[in-house]
Amino acid sequence: MTRHDHWVAGVSKAPLGGARMTRLSPSDGRELASVAMGDAADVDLAVHAARSAFDSSQWHNLTGLQRGAAINRLADIIEVRLDKISRVEAEEGGKPITAARSEIQYAIDVFRYAASLAGNISGRLIADTGPDGMGLVLHQPRGVVGLIVPWNYAVTCLVHKLAYA
């Protein structure tokens, strides 16, 4: 049986409280994995690590085109592993492999679309700033956020939140 711990700061970590659950296949009930169950202390550790990574990262200094290139690299990595990721998603969601593969391919497509938008400055133009100025309302990154996704179509729901972040 596969063992899944938390992934924090680039390292696999057992849950601080030691709690685990056994993940059963929804299609046939067999044991698929032992999964770490996090608690508030695990969340605090992950948020601290994410904030530290965000603050020390150069992501916010990259141009839109550089961010787009990074997002495309992520799509490339997923695409190379399409079959393996599809098998995991089929087991996890108890869905046919064709449905899982379609969902993972859709995720790749969403990442590629998000990458194509990264070089654009979008916002709402405020035209009444005078003859020598321009007002533009932009959406700015918030920093570290928690993304909650349901068990069904988890990949699709995750990519809709993550691709544009």
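**Helix crossings and burial in a predicted model**

Mentor: Let's start with two helices: the axes of α3 (residues 82–93) and α4 (residues 97–117) come within 8 Å and cross at roughly 125°. The axes are lines fitted to C-alpha atoms, for helices over the stretch in contact, with angles from 0 to 180 degrees between N-to-C directions. Keep in mind that this is a predicted model: local features need pLDDT of at least 70 and side-chain atom pairs count only at pLDDT 80 or more, while totals for chains, interfaces and linings use all residues. Residues are numbered from 1 along each chain as its sequence is written, and side-chain values use heavy atoms, leaving out hydrogens and water.

Trainee: Why are α3 and α4 called oblique to each other?

Mentor: Angles under 35 degrees count as roughly parallel, over 145 as roughly antiparallel, 65 to 115 as roughly perpendicular, and the rest as oblique. The crossing of roughly 125° falls in none of the named ranges, so α3 and α4 are oblique. α3 passes α4 in a right-handed crossing, meaning that the near helix is turned clockwise from the far one by less than a right angle.

Trainee: Which residues make that contact?

Mentor: On α3 they are L82, D83, I85, S86, R87, E89 and A90, and on α4 I97, A100, R101, E103, I104, Q105 and I108. Contact here means heavy atoms within 4.5 Å. These residues divide into seven nonpolar, two polar and five charged. Nonpolar covers Ala, Val, Leu, Ile, Met, Phe, Trp, Tyr, Cys and Pro, charged covers Asp, Glu, Lys and Arg, and the others, Gly among them, are polar.

Trainee: What makes α4 and α5 roughly parallel?

Mentor: The axes of α4 and α5 (residues 154–162) come within 9 Å and cross at roughly 5°. That angle is under the parallel limit, so the pair counts as roughly parallel. E103, I104, Y106, A107, V110 and F111 of α4 meet A154, V155, T156, V159, H160 and L162 of α5. By class, this contact has nine nonpolar, two polar and one charged residues.

Trainee: Why does Q105 of α4 count as partly exposed?

Mentor: Buried means under 20% relative accessible area, exposed over 50%, and partly exposed in between (1.4 Å probe, protein chains only). Q105 has 27% relative accessibility, so it counts as partly exposed. Beyond four places in sequence, Q105 touches E79 and L82.

Trainee: And how do you know that R23 is buried?

Mentor: R23 has 18% relative accessibility, which is under the limit for buried, so R23 is buried. R23 lies in strand β4 (residues 20–24), and its side chain reaches the backbone oxygen of E92 at 2.4 Å.

Trainee: What makes S25 buried, and which side chain does S25 join in a polar contact?

Mentor: At 4% relative accessibility, S25 is under the same limit and therefore buried. The side chains of S25 and D28 are joined by a polar contact of 3.2 Å. A polar contact is a pair of N or O atoms within 3.5 Å; within protein, one must be able to donate a hydrogen and the other to accept it, and residues adjacent in sequence count only if both atoms are side-chain atoms.

Trainee: Finally, why is A9 called exposed?

Mentor: A9 has a relative accessible area of 63%, which is over the exposed limit, so A9 is exposed. A9 sits in the loop between β2 (6–8) and β3 (11–13), and has a positive phi of about 55° although it is not a glycine. Helices (H or I, at least four residues) and strands (E, at least two) are DSSP runs numbered from the N terminus.
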